[in-house]
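Here's a casual walk through a protein model, with a few residues picked out for a closer look. Have the viewer open and follow along.

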Amino acid sequence: MKTILRFPFLVIIMFLFQAGLSFAQMNSSQSEIEKKFDSYLKPEDLKARLEKLSAYPHHVGSPYDKENAEFILSQYKSWGWDAHIETFYVLFPAPKTRVLEMISPEKFTPILKEPSLKEDRTSNQIDQQLPTYNAYSIDGDVTGELVYVNYGIPSDYDQLDRMGISVKGKIVIARYGGAWRGIKPKVAAEHGAIGCIIYSDPKNDGYYVGDVYPKGAWRNEYGVQRGSVVDMPVYSGDPSTPFVGSTKDVKRLAVKDIKILTKIPVLPISYHDVLPLLKSLVGPVAPNNWKGALPITYHVGPGLTKVHLKVESNWDIKPIHDVIAMIKGSEFPDQWVIRGNHHDGWVNGAEDPLSGQVAEMEEGKAIGELLKTGWRPKRTIVYCAWDGEEPGLLGSTEWCETHADELKQKVVAYINSDTNDRGFLFMEGSHSLETFINNVAKDVIDPEKGISVWKRARDRQIIHTSSLERKRELESAENLKIGAMGSGSDYTPFLQHLGIASINLGFGGEGQGGVYHSVYDSYDHYIRFGDPTFEYGIALSKTAGRAVLRLADSDVLPFNFDDFAERVSTYLNQIENLTKNMREETNQLNMELKDKMFTEVSDPTKTYVPPKPEDPVPYLNFAPLENAVNTLQKSADGYQKAKNEFVKSGKNLSEEQEKNLDQLIYQSERFLTNKEGLTGRPWYEHEIYAPGFYTGYGVKTLPAVREAVESRNWDEASKQAVVVANTLDNYSKEIDKATEMLNTAIK
Ligand SMILES: [Zn+2]
C-alpha cells in the first residue's frame, strides 16, 4: 500500500492554506535528501571540468567532441550510473570554400578569420577550429549588388517596399539580431535575393555595449557568430532524416531533396569585414532604427556596390555521440524523469554549452553520492549529454525519434539547460509545471544576495516594469509566470514533437557576452566574464537537481492543470485582440490610402511607395476555442477539488492506483499534440507551443490559429480553431479521468 500522506494530517492542512498545495511536493525526508545533495556540490569541480571540456574545439565530427563524450561517459560510470553512448550518423556540412569579395566600386577582400589572442590561450588552435560559416547554407556562387536589409525580418522588407527597393537578383546584407539567424536567408530568398551575408553589428554585442575582448567581454572587430541556418521551424534534427533516427543504415534524403536547407548561399562576417562594404553603399539613408554603431552613415543601396559570394561545403555524414546515463527507479521504473544539456560547441564552447553541461554533471555526481547512502529514486532518472545541438538539435532529436514510442509511454518530464552565467534565474516551459518549478525556485538561495533565486527574479521583473498595474500583479502573485517555449535548445523534440512536458532553466543577465559562437567563447573568457566563482553553476545544479529529484520522488506527480488552463485562456484572448486590432488597423490604413495621406505627406525629393490597400478583416468564429477553454477550466478546477478532497479524506492510494494516476497525469500532455502536425510542418505536433515560422526561436502559442491570423489566412484560422478546440477537449477528458480516479478512491 502506498500513501500520499507522509505528513501528519494537521501539518498538511496548514501547508494547504499557506502554499495552496494539495499534494505535498515536499516532505521532511525530501528536504533532507536535498540538503545532502547540496552538500556534494563543489564549484571547483565545475571549474576543473569546464577547463578540461573546453580545452580544444569540440564541434560535431571533431576528435575532441568524441573524447568529451567518452570523458562524460566515464564520469557517470564512476558515479555509479548505468551509462552508455548512443551514436547517430548525421549530415553535417563543414566549410570547403568561402569566398567573399567586393568587386565594385573598389576591390576589398574580407579576411573571414578570427585572429588568436595572447590573452586567450585556446584561440590559437587554428588547425582544429571550424572556420566561420553558417551550417546548412546551400553551395552557391553568386555576384550581385548589395542591399542592406537591417535584421532581414519580414517587417524590414515592408520598409524596403516603402522606399521602392527590391532585393530581387541582389545579395542582401543583414545584421544579427531581431530574429533567429535562419530566418534571414529564408525571408531574403522569398523576396528574390540570390545571396545573404550576416554580420555582427557593434551596436548589438560589440563596442557600443561595452569594452571589447580581450580588454572587456564584448565582441571585438574580428569576432564572428557561426551558426546553423537550416529551416528549423519546419523540423529539427538531421535534415536528411526527418521523423526517423539517423542510425547507421537509415534511408536518407539526398542533399538535393532536402527542403530545409537554405535556398541561397549564406556567410557570416565580422564588423571588421563588413565596414568597407557598408561604407560604400549608396541609395537612401537607412531608417533610424536600422542604424548600427559603425562610424558611417548607413545607406540601404543598391547601386555601385557589387560583391561576389561563393560558399561550398563538404556534405559528409559524421558520427555524433549522445551520452545517456540512467538510475532505475525503485517503485516506478517505467516512469522516467529526463535531464539534458548539450556538450558540442561551435569551437571551444566554454559558455555555450559547457557552462550548463558542467552543472548538469555536478548533479550527476551528487546523485551518485546519494546512491552511496542507500537512497534510490522512486522513478527512473535519465541524464543526457547531447551532441550536435548547434547544427540543429541533432543529438536530442535523433534520440527522440529513435525511441519515440518508449519515450511517449514513459517520460514524465524533460528538464533542459544550456548556457549559464551570473545573474537571474529564468524559467520557461510547460504551464502544467509552472507551480512546480516556482516552488523549486523558492527553495534555492541566490549566491550573491542570500535571498531565494525566485524572489530575486521576481523583484527584477517588478523593478523593470513601468506599469503600476503590472507591478501590483507581480507583487501579489504566488507564482512567476513562466515563458512559453519556442525553440533554440534540446527541449524542442521532447516538447513539440513528442508532447512531453518540458522545462528550460538557466541563470544570466550579469555575465557579459559578445563571444557567442566565436573562437573567443573560451575558458579564459568565461572565468573572467561568465561566472568566475562558478556559484551560479552551483545554483543551476541546485535548481535543476531539485526539479529532477522532486519529480522522481514525489508521491502523485505535481502537475497543475489550473495554471495551464489560465495561460491557454490568455493566449486565446491575445489572438482575439490581435484580430480585432488588425481589423481596426486595416480599416484605418485603407481610409488613409483613400484620402491620399501617404502621398500628401511624403517628401517629393525621395522615393516613396505607399502601402497597398488590405482586404478587410472578417469576424472570425473563435467560439469552438472559447468553449474548449471553458471546458478545460472546468476540468482543471474539478481535478484541483478532487485533489483537495482526497487529501482531506486521509485515504491512501494503492501502488497500482498511484501508478495509473501518475500515468494519466503525465501522459495527458501527449493529448496536446495532433498527429497531423501543424500545417506545412507536420513534424511539429504540439498545438499549444511552436517556434514561429518567421521568428525561429521566438514562440508562437496556439500556433496553428495565431500564424493563420498573422498571415491573414482567415479560412485557415477558422478551420484551425476547430482543430485546436478538439485537441483541448481531448486533453480535458484526460484530466477528467484523473479526477474520476481520485473520486473513486475517496469512496
Ligand atoms: Zn547551446
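Which residues does Glu360 touch, not counting residues up to four places away in sequence? They are Tyr76, Arg339, Gly340, Asn341, Tyr383 and Cys384, where touching, or contact, means heavy atoms within 4.5 Å.

Before going on, a word on the ground rules: this is a predicted model, where local features need pLDDT of at least 70 and side-chain atom pairs count only at pLDDT 80 or more, while totals for chains, interfaces and linings use all residues. Residues are numbered from 1 along each chain as its sequence is written, and side-chain values use heavy atoms, with hydrogens and water left out.

**Glu360 and helix 4**

Glu360 sits in helix 9 (350–372); helices (H or I, at least four residues) and strands (E, at least two) are DSSP runs, numbered from the N terminus. Glu360 is buried, at a relative accessible area of 0%. For that label, buried is under 20% relative accessible area, exposed is over 50% and partly exposed is in between, using a 1.4 Å probe and protein chains only. If you want a sense of distance, Glu360 and Leu661 are 301 residues apart in sequence and 30 Å apart in space, C-alpha to C-alpha.

One of the residues Glu360 touches, Tyr76, is also among the buried residues of helix 4. The others on that buried list are Tyr64, Asp65, Asn68, Ala69, Phe71, Ile72, Leu73 and Gln75. Their cover includes helix 3 (43–53), strand 1 (82–104), strand 8, helix 9 and strand 10 (379–386). Helix 4 runs over residues 63–78, and its 16 residues should span 22 Å, the expected span being 1.5 Å times one less than the number of residues. Its end C-alpha atoms are 23 Å apart, which agrees. After helix 4 comes Gly80, with a positive phi near 95°.

Phe71 has a charged partner too: the charged end of Lys52 sits over the Phe71 ring, 4.8 Å from its centre. That counts when NZ of Lys or CZ of Arg is within 6 Å of the ring centre and within 35 degrees of the ring normal. Elsewhere, the charged end of Lys186 sits over the ring of Phe693, 3.3 Å from its centre.

**Aromatic pairs**

Rings of Phe, Tyr and Trp (its six-membered ring) pair if their centres lie within 6.5 Å; planes under 30 degrees apart count as stacked, over 60 as edge-to-face and the rest as tilted. By this rule the model has 25 aromatic pairs. Here are two of them.

| Pair | Centre distance | Plane angle | Type |
|---|---|---|---|
| Tyr148 and Tyr298 | 5.8 Å | 50° | tilted |
| Trp399 and Phe494 | 6.3 Å | 45° | tilted |

Tyr148 is in strand 3 (residues 140–148) and Tyr298 is in the loop between helix 8 (271–280) and strand 8 (306–327), so to speak distant parts of the chain, 150 residues apart. Tyr148 is buried at 0% relative accessible area, and Tyr298 is buried at 3%. The second pair also links distant parts of the chain, with Trp399 in helix 11 (residues 394–402) and Phe494 in helix 16 (residues 491–497), 95 residues apart. Trp399 is buried at 3% and Phe494 at 0%. Ring pairs also join Tyr76, Trp79, Trp81 and Tyr383 into a cluster, and Glu360 touches Tyr76 and Tyr383.

**Three polar residues**

His517 lies in the loop between strand 13 (502–509) and helix 17 (523–530). Is His517 buried or exposed? Buried, with a relative accessible area of 3%. The side chains of His517 and Trp346 are joined by a polar contact of 3.5 Å. A polar contact is a pair of N or O atoms within 3.5 Å; within protein, one must be able to donate a hydrogen and the other to accept it, and residues adjacent in sequence count only if both atoms are side-chain atoms. Besides Trp346, the residues that His517 touches include Arg181, Arg226, Asp352 and Glu390.

Asn438, in helix 13 (residues 434–442), is buried at 0% relative accessible area. Its side chain makes a polar contact of 2.6 Å with the side chain of Trp454. Leaving aside neighbours within four places in sequence, Asn438 is in contact with Met427, Trp454, Asn479, Leu480 and Ile482.

Thr579 belongs to helix 19 (residues 561–594) and is buried at 2%. The Thr579 side chain reaches the backbone oxygen of Ile575 at 2.7 Å. Apart from neighbours within four places in sequence, Thr579 is in contact with Val617, Leu620, Phe622 and Val709.
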